Amino acid sequence: MHFIRRLLIRSTRTTKYRLQIAILIIAVSSFGLLISTPNHENNTHVEKQVFVSEKIKTVEDVPVVETTPSEPTNCAYRNCPKLNEDVINVHVICHTHLDPGWLNSVDGYFFGVNHDRGASNGGRPYRHTMPSVLTIFNNVMGALLENSQRRFVMVEMSFIWRWWKRLDEDYKNIIRKLMNEGRIDIAGGSWTSNDEAVSHYAAMIDQCTLGFRFIKDELRTCSQPAVAWQLDLFGHGREINSLFAHMGYDAILFGRLDYQEKEQRTNEKTLQMVWKVDENAPESKQWLFTGILPNLYHPPETLGLKSDVVGSLLRPSDVETMQESASIYSRRLLEELEKQQLKYESKNIAVIYGGDFEYEDATQYFQNIDAMITTINNITNKAGDKSRYHVHYSTPTCFLHALSKEKRSWPVREGDFMSYAHRAHAFWTGFYTSRPGIKFYERSLGALYQSVRQLSIYANHVDFNGLFKLGEVMGLLQHHDTITGTSPMINIADALQRMHQVEKIGENLTLVLYQHILTQSSAINLSQPLVFCQLNESYCKPLATMDKFSAIIYNPSSISNQLWLRIPVDQNQTIHLDIDTVKKLSIDAQEIATIDLSPMILSIPIAEQCNQLQELIVRVNIPPLSFQVLPFTTLKQSQKVEAISFSNLSCSIENQNYIVTVDEQGSIISIKLKSIDKNIDFNQNFAYYTSSSGNKISHQSSGLYVFRPVGTDPPKQVNIKQFYCSKRKGYEEIIQVYSRYVHQTIRLLDNSPYIEFEWTVGRLHRNVELVTSYESKDLQNNGIFYTDSSGRSLMKRIRDRRDGYNFTQSEPSAGNYYPLVTGILMKDAKEDLQMSIVTDRAQGGGSVYDGQIEIMIHRRVLTDDVLGVSEPLNEMGIDRRGLVIRGRHLLALTKIEDGIKFFREHALKSVWKPIIAFRNDANNEPLNYKPWSLLKSELPPQINILTIEPLTQENNILTILFRVEHFYEPNEHSTLSKTVSIQID
């Protein structure tokens, strides 16, 4: 043990409830994470005995893992069909692929109506082209009860929950019986099939937990799901699959694999492998069996059996005068099995039967499969006197179990499966940035969700229904067609509406919680609703009418946050921090200045006219999991401030850590690192690619999914038109105006370890893919850079290379892009320098050439990549001139070890941002302005409290889910990477 710290959660305000903390003592090792998974009767944990042993050997320079059959401890394997010896066992896996939001909204799909209520239909909903999920589920259940051999896979808990709550208890018990008999297999088990590229790991864990709790509480299956069923994703990340291993999954099955890797693995018969997902975990958690399905999630092309295509398949026993037809499909299946045997080194083959929203006519579909199985097993499947294949109904769980019985070696895969391309020039790297507005909104909503869960514990006031609604929408957002932005506006608009609704629920819940925490007496009510404003728009209309008010700030992060609060000020108003109260209570806050908003900020389209033309800047430090309330006074008079004066002279800004210098054109030319007294050649610029609509080399276009620019030239730079420098004590900035659609402020704040680049971009021309580039000739990264995996572990990237296979580059920019959930960094080991960039939302980027990091921040693409959506990426915004977004990057140039500390801490703070509310203090009782914290003692600096969430409340006992993590990887920091233990009282 390195050292021991005591982490004391404050006692609650009253003794109304006794807190039952689920985990009392937690030992946290380097980069370890404690995750709660559903524990069921007689099933405490699933060890990785199925596929992994300690013996690892090398065969022809290809690493493999040797496995031996073992009896499974997971009860999900107990009811699998018996396998036949000395034949190839064919597992027919029946499923329906259900997206809870893609070409339609989640409820539109569930009820089978088109969510788009256009005027052409008189505003009434009409039937969608896809069948209703409700009908599919009901019909599948009936079909399963007709034949005890049939099995089916169910995946998305968000749909199952919607269906389940419509059933009576007797029918639920019938379904539970089917599940415990293994005839319904819950694969995945999370709320949605979450994206693995742009979702943050905390949101992934939350939505998995939501699904697992539903399985445990309602479905009551004998165990948690054994297989992650991630069929339709656009690349697979290592971090979420490491979490899958920790959650108790034995395998992941998926369909999309980069076309070059799939070709190589098909030729080598290595489409099934053991993936090393976490080299730092205990042996049983390092590995996850990984299988690539042969046809995405469809049957072979010649074997579709939907009744509207083939009618009824007839066996010889079915007819006397009609021609039987089952043997035709049986022969086709035999041909496909022969082909599939050439791809897999296994005696077990999976044939997937299903597709998008199939099995509405479940009885007929199953009857056709029955006929084919019977025919192939009894008639057309002979090699001499022996059968070659045994075909039977199966599930992902049973297919995995069958593979585990094979005594053989499996090839080892390391790294991850990013970035994906389905052919040359078709890299699915555009969706990393597509729809930047919803990506930012999801991040903000996640911070609110995190905050109200934490505050509910302390306030002894838990609105389980409100928390569930927030969690349910956050779960839906993680779906691989929503957070990615790869769906038409029907689904995006529905998602935005849901987000707004639960945001209001969260804000109202916050008001109640603040009532319990901040008022000096429980008899005092907060008489008026709190005001939550879109400060990203520099607009907060209610503040213009208040004589005095308080800003209530809560930091849900486990790290102290120095917040630079920017309060909109009306043109006929003066606002000041109440300095007397601040000094009296020793509040760590400082008023900096009131400044005029730049013309570009004022041009951001908002819903109503804005007279707030200035901002008051206040610095305030918020400790971890803490409140700070700041009092403000106002006057009904305008305030004169320093006028904006553009310049054509070189200037610089500085703080305790950096000096940033721009030339006569306003471009950065150097950054001085004060800590090492070193000047670094540096440039930052904006540029754009033109979206390709295809050419003679490839007809592939850019679109929602795919980023493909015209040609291979670097992007075209956007020139600076105007700039000026502004210096105030503790707050210095450079304002750059590039064009009508690009504006930037570069800031150095008091004692800040980073340089802030805040950009406002929008109203892009058509087919513009806008990027920003950070470059230094003094940094040589030799083609190596690092991107985060789902916001947690760092992945080493090498330009024009991929993990696990021989890669040929076809797009020098798009092919070197990776998802940046929280950021990117590159190192110059020789100079001991690191450039780190933290993003405020998921984006795409990479290092296209040495000494450079390029990040795409906005896209407006009117070409279609022909991947199913048939709608351009053309977000119009409020004024119908093109969506305007405002965001920021935090850049640090440091020694490598200092850079790791910066990146880790600010990546966490970028996700769990402080929530800010305002209260009108006129005619209200005073608030408690003293700093308040959920913690009673400091946390070790490498520890993050990932979750504090109320689970249940029974007999005056509140059960809490508590997760904690060490957020440094081994050996990346000399002190902070060391193991630490904490004790919970």
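**Figure 1. Aromatic pairs in the predicted model, with Phe152 and Tyr359 in close-up.** The structure, a predicted model, holds 42 aromatic pairs. In the pair shown here, the rings of Phe152 and Tyr359 meet edge-to-face, with 5.0 Å from centre to centre and 75 degrees between the planes. The two residues come from distant parts of the chain, 207 residues apart. Phe152 belongs to strand E7 (residues 152-154), while Tyr359 is in the loop that runs between strand E13 (348-353) and helix H11 (362-378). Phe152 has a relative accessibility of 1% and therefore counts as buried, the limit being under 20%. Tyr359 is also buried, at 1% relative accessibility.

**Figure 2. The edge-to-face pair of Trp164 and Phe214.** The planes of these two rings stand at 90 degrees and their centres are 6.5 Å apart, so the pair is classed as edge-to-face. Trp164 is in helix H3 (residues 157-164) and Phe214 in helix H5 (residues 201-219), so the contact ties together parts 50 residues apart in sequence. Trp164 is buried, with a relative accessible area of 1%, and Phe214 is buried at 7%.

**Figure 3. The ring cluster that includes Trp164 and Phe214.** Ring pairs join Trp164 and Phe214 with Phe137, Trp161, Trp163, Trp191 and Phe468 in a cluster.

**Figure 4. Arginine side chains over the rings of Trp410 and Phe417.** Arg408 places its charged end over the ring of Trp410, at 3.7 Å from the ring centre. Arg413 lies over the face of Phe417, and here the distance to the ring centre is 4.1 Å.

Note on methods. Residues numbered from 1 in each chain as written. Predicted model: local features only at pLDDT ≥ 70, side-chain atom pairs only at ≥ 80, totals over all residues. Heavy atoms only, no water. Phe/Tyr/Trp six-rings, centres within 6.5 Å; stacked < 30°, edge-to-face > 60°. Helix = DSSP H or I, 4+ residues; strand = E, 2+ residues; numbered from the N terminus. Buried < 20%, exposed > 50% of the residue type's maximum accessible area, 1.4 Å probe, protein only. Lys NZ or Arg CZ within 6 Å of the ring centre and 35° of its normal.
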